[in-house]
Amino acid sequence: MGVRCKNRCARLAGNYPSCVEDFELIEEMVEKWESLPASDRKPEQQWVIDVVRTLDVIEGQGLLGFWRSHAADSDRILQSFRVTGNSELATALGKSRFCQACIPVPGSSTAPKVMSASDKAQLNRLLFEVTDRIEAARDGLVELLPRADSSGSSDDDQEPATPTLNVEVTERLSCPYCGQSMELVVDTSIAQQRSTTDCEVCCRPFEVILECEPGSVTSLEIEA
Ligand SMILES: [Zn+2]
């Protein structure tokens, strides 16, 4: 207890004395969850699998490699990045979708688009934006892991706990017309949202405009 990780300044190390071991633990957990049928995985397990495996693919094969192997499930993967706090990375990855048109489809009679010089330049810029954020994305997954166990147990047979990320947050707001105070439950996995709410007291509608990061509301505006 009380031993600090040598590489990660603020992290208390119990069973995991360094972040290198954190990454080993992530790899171990991902392998374990991948062995489960997809329908038995918890959403947060799928998020971690998606992020870890996608970063591996991008590092090995670039953005074309990502779209070659994930054309069908890209929406889910982008969402997994967003809910784990990697919205900017998801946005850059989403912008690279255009390169799909340049990937040959086996068995298709349509020839793939030839990538223009400006497409290539754009793809390189996006790859730079993505790779620039990979380290932070991996660090973020470490934060999702259960805190090191302070009992000092060295029994590694325990099942690693599921990382949890509470994306629902309750915000207080007031009606812009009558001042009635009310609570709003916000799903912070959606970065930008706008919704119309009717006041419970005066029944007049107003708009709530939110900006969120997973787990917190960063901006809340009310428009009458
Ligand atoms: Zn009101």
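In which loop is Cys203 found? I looked this up in a predicted model. Cys203 is in the loop between β5 (192-198) and β6 (205-213).

**Entry 1, Cys203.** I checked the backbone of Cys203 and noted a positive phi of about 65°, although this residue is not a glycine. Next I asked whether Cys203 is buried or exposed. I counted Cys203 as exposed because 10 other C-beta atoms lie within 10 Å, and the cut-off for exposed is 12 or fewer.

**Entry 2, α2 and α5.** I then turned to a helix pair. The axes of helix α2 (residues 43-70) and helix α5 (residues 117-131) come within 9 Å and cross at roughly 155°. Angles over 145 degrees count as roughly antiparallel, so I entered α2 as roughly antiparallel to α5. I recorded the crossing of α2 past α5 as right-handed. Which residues meet there? From α2 I listed Ile58, Gly62 and Leu63; from α5 I listed Leu123, Leu126, Leu127 and Val130. By class, I put six residues of this contact down as nonpolar and one as polar, with no charged residues.

**Entry 3, β3 and β4.** Last I looked at a hairpin. In which sense do strand β3 (residues 168-174) and strand β4 (residues 181-187) pair? I found the antiparallel sense, over seven bridges. I traced Ser174 to its bridge partner in β4, which is Ser181. Six residues lie between the two strands of this hairpin. In the hairpin I also noted Gly179, with a positive phi near 85°.

Technical notes
Residues are numbered from 1 along each chain as its sequence is written. This is a predicted model: local features need pLDDT of at least 70, side-chain atom pairs count only at pLDDT 80 or more; totals for chains, interfaces and linings use all residues. Axes are lines fitted to C-alpha atoms, for helices over the stretch in contact, and angles run from 0 to 180 degrees between N-to-C directions. Helices (H or I, at least four residues) and strands (E, at least two) are DSSP runs, numbered from the N terminus. Angles under 35 degrees count as roughly parallel, over 145 as roughly antiparallel, 65 to 115 as roughly perpendicular and the rest as oblique. A crossing is left-handed if the near helix is turned anticlockwise from the far one by less than a right angle, and right-handed if clockwise. Two residues are in contact if their C-beta atoms, placed from the backbone, lie within 7 Å. Ala, Val, Leu, Ile, Met, Phe, Trp, Tyr, Cys and Pro count as nonpolar, Asp, Glu, Lys and Arg as charged, and the others, Gly among them, as polar. A residue is buried if 20 or more other C-beta atoms lie within 10 Å of its own, exposed if 12 or fewer, and partly exposed in between; C-beta atoms are placed from the backbone. Two strands pair if DSSP finds at least two bridges between them.
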